[in-house]
Amino acid sequence: MPRTVLVVDDDPGVLRVLSRYFSRAGWEVHEADSGEEGLRRWEAARPDVVLLDLDLPGMSGREVLDVLVSRGASVIMLTGHTDLATAVDAMQAGAETFLTKPVDFGHVGAAAERAAEKQELRRANESLARSLAGRTEDDGLGTSPGMRALARQVSMLSASADTTALLLGESGTGKSWVAQMIHARSPRARGPFVEINCAGLSGTFLDSELFGHERGAFTDAREMKRGLFEVADRGTLFLDEIGDLAPELQPKLLKVLEQRTFRRLGGTREMSVDVRLLAATNRDLQAEVRAGRFREDLFYRLSVFPLTIPPLRERSREDVMELLHRSLVDLGRRHPGAPHSMAPRAAEALAAYAWPGNVRELRNVLERALVLAVGSERIDLEHLPEALRARNAAKSSRGTAEVLPLAEMERRHIERALHVLNGNRSLAAEKLGISRSTLHAKIQQHGLEKVGKE
């Protein structure tokens, strides 16, 4: 979908010129010649960006700005005269920037693009906050003692607005998801959540991405660019694969963490930001420090609150089954016609696999199975990759059967019944030949509360 802009100005010539410029740039344009009409148009269209003239008849542009900002709009102010005090006042009231007429098309276009990107980021983070804020502290992490302990650490970290944290774990364990959870439950939840992966990026490029650059800082720097630290102001910045951060950027990052100030690339002015930093790595940073590739002072500054996300092979069977169920429900929304349940033998094969690629690999395998199982009653072994099917067949054809404790046999039998019957506990109790209250007690005893639920 094209980006949308609302131009509010009482000068027909300005309306015509700006509308033509943005239309040619591929934007959807709305117009209004008064503040009152501008508010009506904004409510009807909810555009990404508003270009608002300061000097309007009737309701002033400054009054319109207050209303629009209170409703979450992204506003660029326009004026026919330069007044520093007025510009500062508008910026403090929430305007994205302040431009003087006649506007330079390059400047207004770049400003509108930045404002639209910020608005998109704000909307995405509001959606993230709504999806994560209602979860209990252990929802989605697991039911085993180890994962419950991790959930309590996440809860404590979320309660803080400023504590820097270092998320440790193998690739694909869900470090980014945990970082989003921390942000969504924190006092900064209404601010932006901005993520960047440091792996494979040159020092110069990453410097520009993180800290921005001034016009002319390098050959292709035709316009000033805000960095991600500025974009994440009053929110959270997540630096994934921090172990790959270029050595020349490490002292600059340390300065931001300690002083909350930095300079754009090619700039001389100190910029101040209010950002919480979360970082993640699958490397042994202490080994990197000993090898001289990572600053020791930065390592200690990042690891104020280290949090280790365990690989799937170290999580309990119940944790993996819960993750399977949650991923099935989540991915199923994207694939209409795909089944909502899984055959016990397919679930068993998935739960028994070591998952070297961790959560990322599990979700990829499950999404492939959903695609293949469209139109089927449930996901079965035939929808899984050959490696998992072969492993399951080899396990089933062993000459000597595995001898399990009675309690484990009971747990597995109840779990299979709940999967087959899609969580219908009354029917499961009937099929198992026990009362519903007895089944409920055994479900609690074996930690099967979420099995079969959607």
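Select residues 165-168 and 276-281 in this predicted model. These are strands β6 and β11, which pair in the parallel sense over four bridges. To examine one of these positions, display Ala165 together with Leu278, its bridge partner in β11. As general background, the strands of a sheet pair through backbone hydrogen bonds, in either the parallel or the antiparallel sense.

Next, extend the selection to the sheet around this pair. Five strands form an open sheet, and their order is β7-β8-β11-β6-β12. The pairing in this sheet is parallel. Which strands stand at the edges? They are β7, at 193-197, and β12, at 305-308; each has a single partner strand, so one side of each is left without a neighbour in the sheet. If the view is turned to follow the strands, neighbouring ones are seen to be rotated against each other by 20 degrees on average, direction ignored.

Keep the sheet displayed and add residues 145-159, which form helix α6. Helix α6 lies across β6, β11 and β12. Relative to β12, this helix runs at about 145 degrees.

Now select Asn358, a residue of helix α15, which comprises residues 358-372. Is Asn358 buried or exposed? Its relative accessible area is 0%, so Asn358 is buried. Show the side chain of Glu170 as well: a polar contact of 3.2 Å joins it to the side chain of Asn358. Beyond its neighbours within four places in sequence, Asn358 is in contact with Glu170, Ser171, Gly172 and Thr173, and also with Pro311 and Leu312.

The last stop is helix α1, obtained by selecting residues 12-24. Helix α1 has 13 residues and reaches 18 Å from its first C-alpha to its last, close to the 18 Å expected at 1.5 Å a residue. Colour its buried residues, namely Val14, Leu15, Leu18, Ser19 and Phe22. Looking down the axis of α1, one finds these buried residues within an arc of 120 degrees, so they line one face of the helix. The face turned away from the buried side of α1 carries the exposed residues Pro12 and Arg24.

Both ends of α1 merit a separate view. At its start, display Asp11 and Gly13: a side-chain oxygen of Asp11 reaches to within 2.8 Å of the backbone nitrogen of Gly13. After the helix, select Gly26, which follows α1 and has a positive phi, near 95 degrees.

Definitions and conventions. Residues are numbered from 1 along each chain as its sequence is written. This is a predicted model: local features need pLDDT of at least 70, side-chain atom pairs count only at pLDDT 80 or more; totals for chains, interfaces and linings use all residues. Side-chain values use heavy atoms; hydrogens and water are left out. Helices (H or I, at least four residues) and strands (E, at least two) are DSSP runs, numbered from the N terminus. The expected span of a helix is 1.5 Å times one less than its number of residues. Buried means under 20% relative accessible area, exposed over 50%, partly exposed in between (1.4 Å probe, protein chains only). The arc is that of the directions from the helix axis to the C-beta atoms. A polar contact is a pair of N or O atoms within 3.5 Å; within protein, one must be able to donate a hydrogen and the other to accept it, and residues adjacent in sequence count only if both atoms are side-chain atoms. Contact means heavy atoms within 4.5 Å. Two strands pair if DSSP finds at least two bridges between them. Axes are lines fitted to C-alpha atoms, for helices over the stretch in contact, and angles run from 0 to 180 degrees between N-to-C directions.
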